Amino acid sequence: MSSRIYFDHSATTPLDPRVLEAMGPFLGGAYGNPSSLHQEGRVARAAVDKSRAQVAALIGATPDEIIFTASGTEADNLALIGAVRASGKPGHVVTSAIEHAAILKTCKFLASGGTKITRLPVDADGLVRPDGLLRALQSSVTVVSVMAANNVVGTIQPIEELAQFAKLHGVLFHTDAVQAGGKIPLDVNRLQADLLSLSAHKLHGPKGVGALYFRKGTGLAPIIFGGGQERGLRSATENVAGIVGFGAAAELTRKELNQEAARLAGLREYIATEVLRNFPNAYLYGHPTKRLPGHLSFGFRGQEREVGKLLDALDQAGVAVSAGSACSANHSGEPSSVLLAMGYDAECARGLIRVSLGRFSTQQEVDCFLDVLSSAVSTLSDTAPSASLAGLTNPAEVAFA
Ligand code: PLP
């Protein structure tokens, strides 16, 4: 495994060893239930409280504004269903056309109960236009939900501006920051967000832990019922080890964010330049500058239908990249709904290759990836065969030869 190159950090990230170390005691001897009053319980409670403060600090919130959930998906569900339920009416949710399924399918569920859903269009770079939101706000709206950064094309939305419009109309603003969390600076007060979703496994923390930030005073009803944990908003015995991992991951990410963002953006620009230089038919997706630092998506004109074959070839050669969202079984050759919403034709909407870098990605890996990519692309093309690299099963043989 170690010789593989993992460039799919938008799907999930490897656990940082420092996070694993912090979690260790809570997978072993420190097994108390945070709701218990004895010493074992108090140790667990203190650990959960510390993590709550660490996650809050990542987004400029206070600890009592953080609700731990079992995923980013659950945080999104709680934000939208919780806000609509708390309003006491079917209400109206305004969202974008390129949200993750955790938002889109929650909206579909709400629509089945009578909630009106407005999906804001995006431009060719994947940006929601603020004037579109202004128009939607002419009618009564319960909550606006626009993702901070897109998982397929990496475009970063003008959240501050969008939230400001929602606030001017007295409407709640939620942002799904699962992809943006820990990758770009996020401050809930500067953004004026009322609700914000995060997920630990996207920032080198463990899977199965998320958080919803909710601004004090925001009307929110629970969607899970039971023992009343998490201020009554998310019943269930807390996943203490997972929460501790989330806290440790959030703290590391916060401390390293600026330096890491600059490093990853440099590697991404290098890949983009090389891909465009080496392949005359290559093109990039998403906004050229307003994008996640370690995220690049591109395609090869005329070879869009061969993306599945290309990804398989890369995988066999030791490189993991993806065709967009990990959640939408994508070697299927189906056009991406995100790209269709951005105005791509069905052909180009099939052709996306997503490269997403993380904390442990290196220049050496990038160079190796580019070699392997050349080799894999040449197997697709009639005109550019060869490459002495073809057939390699271990990219390390190229990089370190
Ligand atoms: N929202 C976005 C934008 C995502 O990219 C993802 C996961 O890929 C999710 C929500 C769901 O997060 P989780 O995997 O923690 O449920």
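Me: Two strands pair if DSSP finds at least two bridges between them, and strands (E, at least two residues) and helices (H or I, at least four) are DSSP runs numbered from the N terminus. With that in mind, which residue in β8 is the bridge partner of S199?

Reply: This is a predicted model, in which local features need pLDDT of at least 70 and side-chain atom pairs pLDDT 80 or more, while totals for chains, interfaces and linings use all residues. Residues are numbered from 1 along each chain as its sequence is written, and side-chain values use heavy atoms, without hydrogens and water. Strand β7 (residues 195-199) and strand β8 (residues 210-214) run antiparallel and are joined by 5 bridges. Looking along β8 for the partner of S199, you arrive at G210.

Me: Which are the edge strands of the open sheet of 7 strands?

Reply: The pairing in this open sheet is mixed, and the order of its 7 strands is β2-β8-β7-β6-β5-β3-β4. An edge strand here pairs on one side only, and this holds for the strands at residues 66-69 and 116-120, that is, for β2 and β4.

Me: At about what angle does helix α2 run to β2?

Reply: Angles run from 0 to 180 degrees between the N-to-C directions of axes fitted to C-alpha atoms, for helices over the stretch in contact (heavy atoms within 4.5 Å). Helix α4 (residues 101-112) lies across β3, β4, β5 and β6 and runs at about 155° to β3. Helix α2 (residues 39-58), in turn, lies across β2, β7 and β8, and its angle to β2 is about 110°.

Me: Which residue in β12 stands opposite F298?

Reply: The open sheet of 3 strands, with antiparallel pairing, has the order β9-β10-β12, and its edge strands are β9 (282-285) and β12 (353-356). Within this sheet, 4 bridges join β10 (residues 295-300) to β12. Across from F298, on β12, stands I353.

Me: Which strands of that sheet does helix α8 touch?

Reply: Helix α8 covers residues 240-278 and packs on the sheet, where its direction makes about 10° with that of β10. The strands it touches are β9, β10 and β12.

Me: Which helix gives the most to the shell around the ligand?

Reply: In all, 13 residues surround the ligand (one heavy atom or more within 4 Å), and the closest of them are T73, D176, Q179, S199 and K202. The greatest helix share of this shell is 3 residues, and they come from the helix at residues 72-87, which is α3.

Me: How much of the area that the ligand exposes when taken alone does the protein bury?

Reply: An N or O atom in the side chain of D176 lies 2.6 Å from a nitrogen atom of the ligand. On the side of ligand oxygen atoms, the side chain of H201 has an N or O atom at 2.9 Å, and that of K202 has one at 2.6 Å. Taken alone, the ligand exposes 390 Å² (Shrake-Rupley method, 1.4 Å probe), and the share of this area that the protein buries is 90%.

Definitions and conventions: Polar contact = N/O pair within 3.5 Å; in protein donor to acceptor, adjacent residues only side chain to side chain.
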